[in-house]
Amino acid sequence: MNDKQTLMRRAVAISGEKMRAGEGGPFGAVVVKDGKVIGIGHNKVTSSNDPTAHAEVTAIRDACQNLNTFNLQGAEIYTSCEPCPMCLSAIYWARLDRIFYANSREDAARIGFDDAFLYDEVGKDPAARSLPMEHVEVVEAAEIFEEWDNKLDKIAY
């Protein structure tokens, strides 16, 4: 079984390798279950023109594809940096059991990846956020939610 240092070094090595290859920022991650790496990811934001392609998200996508599931309960993630709010949310949605990280969000801020603004925005009321948000009510939206609520063959997640 791999230990924490070995797994973290693998995430960090991926971050450096892919950064040097010009595939994205200096971030890497591995998802581990029962001592086995089941998902590998790195930042692909600039190489894939996908602002959601952070290391943790790509590692989660890889693990889910490899296991053919959307639920990673029982797994852990090793990431080269403390997850941003988006990645943290993805980790919760994937139901990972634990997060291990190397660099802190303060370390990331020092090199131009400052997520403090996003952490602050998430806690605000939608009307108080800097990005304008407007609730547009339509009956069909409520009907679809009601249909889902009553759906007998739904797969809850």
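User: Which residues form a negative surface patch?

Analyst: This is a predicted model, so treat it as one. The negative patch is formed by Glu140, Glu143, Glu146 and Asp149. Take Glu146 as the example. Glu146 lies in helix H7, which covers residues 139-150.

User: Is Glu146 buried or exposed?

Analyst: Exposed means over 50% relative accessible area. Glu146 has 52% relative accessibility, so Glu146 counts as exposed.

User: Which residues make a nonpolar surface patch?

Analyst: Start with the general idea. In soluble globular proteins, nonpolar side chains tend to be buried together. Now the case here. Phe70, Trp93, Trp148, Ile155 and Tyr157 make a nonpolar patch on the surface, of about 650 Å². Trp148 belongs to helix H7. Partly exposed is the class between under 20% and over 50%. Trp148 counts as partly exposed because its relative accessibility is 37%.

User: And the core? Which residues of the largest nonpolar core touch the most other members?

Analyst: That core has 17 residues. Those touching the most other members are Val31, Ile38, Ile60, Leu72, Ala75, Ile77 and Leu96. Four elements each supply at least two core residues: strand E1 (28-33), helix H3 (55-67), strand E3 (75-81) and helix H4 (85-94). The largest share, 5 residues, comes from H3.

User: Where is Glu82, and is it buried or exposed?

Analyst: Glu82 sits in the loop between E3 and H4. Buried means under 20% relative accessible area. Glu82 has 16% relative accessibility, so Glu82 counts as buried. Now compare sequence with space. Glu82 and Ile60 are 22 residues apart in sequence, and their C-alpha atoms are 15 Å apart.

User: How many residues apart in sequence are Val122 and Thr6?

Analyst: Val122 and Thr6 are 116 residues apart in sequence. In space, they are 34 Å apart, C-alpha to C-alpha. Val122 is in helix H6, residues 116-122. Its relative accessibility is 56%, so Val122 counts as exposed.

User: Now backbone angles. What is the phi of Asn49, and of Asn68?

Analyst: The general idea comes before the cases. Most residues other than glycine have a negative phi. Asn49 has a positive phi of about 55 degrees, although Asn49 is not a glycine. Asn68 also has a positive phi, near 55 degrees.

User: Where are Asn49 and Asn68?

Analyst: Asn49 is in the loop between helix H2 (45-48) and H3. Asn68 is in the loop between H3 and E3. Asn49 is exposed because its relative accessible area is 70%. Asn68 counts as exposed too, at 72% relative accessibility.

Terms used:
Residues are numbered from 1 along each chain as its sequence is written. This is a predicted model: local features need pLDDT of at least 70, side-chain atom pairs count only at pLDDT 80 or more; totals for chains, interfaces and linings use all residues. Side-chain values use heavy atoms; hydrogens and water are left out. Patches are made of residues with over 30% relative accessible area and no salt bridge: like charges are joined within 9 Å, nonpolar side chains (Val, Leu, Ile, Met, Phe, Trp, Tyr) within 5 Å. Accessible areas come from the Shrake-Rupley method with a 1.4 Å probe; for residues, only the protein chains shown count as cover. A salt bridge is a side-chain nitrogen of Lys or Arg within 4 Å of a carboxyl oxygen of Asp or Glu. Lys and Arg count as positive and Asp and Glu as negative; His and the chain ends are not counted. The place of a charge is taken as NZ of Lys, CZ of Arg, CG of Asp or CD of Glu. Buried means under 20% relative accessible area, exposed over 50%, partly exposed in between (1.4 Å probe, protein chains only). A nonpolar core is a set of buried Ala, Val, Leu, Ile, Met, Phe, Trp, Tyr and Cys residues joined through side-chain atoms within 4.5 Å.
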